[in-house]
Amino acid sequence: MINMPACLAAKIDSIKKQPNVNQPQSVIQYSYKGSPVYYVTAGCCDQFNEVYDTNCKNLGAPEGGITGKGDGKLPDFYAMATNKKVIWENK
């Protein structure tokens, strides 16, 4: 695993301990507005897929939730996020 914020490593450890979920989960690193960020997918239905910065601050959810459209805090995420790199996934 590459170098990442400790909170994300802990989140991955927590996910690994959960019983099987309906969807694969993953942590994906992107460059967003010139900084590395980490996109964490939810394990199931109607949950937000959240983005964290390198200080483990939750920046928002570009998708997910009941509407599937996220929380509205990162409306430009998919237009601005580049350099996608899968850090971890449970298939």
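## Strand 1 and Gln25

Strands here are DSSP runs of E with at least two residues, numbered from the N terminus. Gln25 is found in strand 1. The model is a predicted one, and the values below are computed from it.

With a relative accessible area of 7%, Gln25 is buried, because buried means under 20%. A polar atom of the Gln25 side chain lies 3.5 Å from the backbone oxygen of Thr41. Not counting residues up to four places away in sequence, Gln25 touches Ile15, Gln18, Thr41, Ala42, Gly43, Trp88, Glu89 and Asn90. One of these, Ile15, is among the buried residues of helix 1.

## Helix 1

Helix 1 has twelve residues, 6–17. At 1.5 Å a residue the helix should span 16 Å, and its end C-alpha atoms are 17 Å apart, which agrees.

Which residues of helix 1 are buried? They are Leu8, Ile12 and Ile15. These residues cover an arc of only 60° around the axis, so they sit on the same side of helix 1. Ala6 and Lys17, on the other side of the helix, are exposed. The cover over the buried residues includes strand 1 (25–32), strand 2 (35–40), strand 3 (48–52) and strand 5 (81–90).

## Asp53, a buried acid

Asp53 lies in the loop between strand 3 and strand 4 (58–64). Asp53 is buried yet has no salt bridge. Why does Lys57, the nearest side chain of opposite charge, not count as a partner? Lys57 is 5.7 Å away, whereas a salt bridge needs the side-chain nitrogen within 4 Å of a carboxyl oxygen, so the pair does not qualify.

What the side chain of Asp53 does reach is backbone. The backbone nitrogen of Asn55 is reached at 2.8 Å, and the backbone nitrogen of Lys57 is also reached at 2.8 Å. Lys57 therefore appears twice in the account of Asp53: as the nearest side chain of opposite charge, and through its backbone nitrogen. Leaving out residues up to four places away in sequence, Asp53 touches Pro5, Pro36, Val37, Tyr38 and Leu59.

## The salt bridge and Lys33

Side chains of opposite charge can pair when their charged atoms come close. How many salt bridges does the model have? The count comes to one. In it, the side chains of Asp76 and Lys33 meet at 3.3 Å, N to O. Asp76 lies in the loop between strand 4 and helix 2 (77–80) and Lys33 in the loop between strand 1 and strand 2, so the pair ties together parts that are 43 residues apart in sequence.

The two partners fall into separate accessibility classes: Asp76 is partly exposed at 23% relative accessibility, and Lys33 is exposed at 53%. The backbone of Lys33 also has a phi near 55°, a positive value in a residue other than glycine.

## Positive phi at Asn83

Most residues other than glycine have a negative phi. Besides Lys33, Asn83 has a phi near 55°, again a positive value in a residue other than glycine. Where are these residues placed? Lys33 is in the loop between strand 1 and strand 2, while Asn83 is in strand 5. At 62% relative accessibility, Asn83 counts as exposed.

## Phe48 and Pro62

Phe48 is in strand 3. At 37% relative accessibility, Phe48 counts as partly exposed. The C-alpha atoms of Phe48 and Glu63 are separated by 6.2 Å, although the residues are 15 apart along the chain. Glu63 is also one of the residues that Phe48 touches, not counting residues up to four places away in sequence; the others are Ala42, Ala61, Gly64, Gly65, Gly70 and Asp71.

Pro62 is in strand 4. Is Pro62 buried or exposed? At 11% relative accessibility, Pro62 counts as buried. Leaving aside neighbours within four places in sequence, Pro62 is in contact with Tyr39, Asn49, Val51, Lys69, Gly70, Leu74, Phe77 and Tyr78. Gly70 is listed among the contacts of Pro62 and among those of Phe48. Pro62 and Leu8 are 54 residues apart in sequence and 18 Å apart in space, C-alpha to C-alpha. Leu8 is one of the buried residues of helix 1.

How values were computed. Residues are numbered from 1 along each chain as its sequence is written. This is a predicted model: local features need pLDDT of at least 70, side-chain atom pairs count only at pLDDT 80 or more; totals for chains, interfaces and linings use all residues. Side-chain values use heavy atoms; hydrogens and water are left out. Helices (H or I, at least four residues) and strands (E, at least two) are DSSP runs, numbered from the N terminus. The expected span of a helix is 1.5 Å times one less than its number of residues. Buried means under 20% relative accessible area, exposed over 50%, partly exposed in between (1.4 Å probe, protein chains only). The arc is that of the directions from the helix axis to the C-beta atoms. Contact means heavy atoms within 4.5 Å. Lys and Arg count as positive and Asp and Glu as negative; His and the chain ends are not counted. A polar contact is a pair of N or O atoms within 3.5 Å; within protein, one must be able to donate a hydrogen and the other to accept it, and residues adjacent in sequence count only if both atoms are side-chain atoms.
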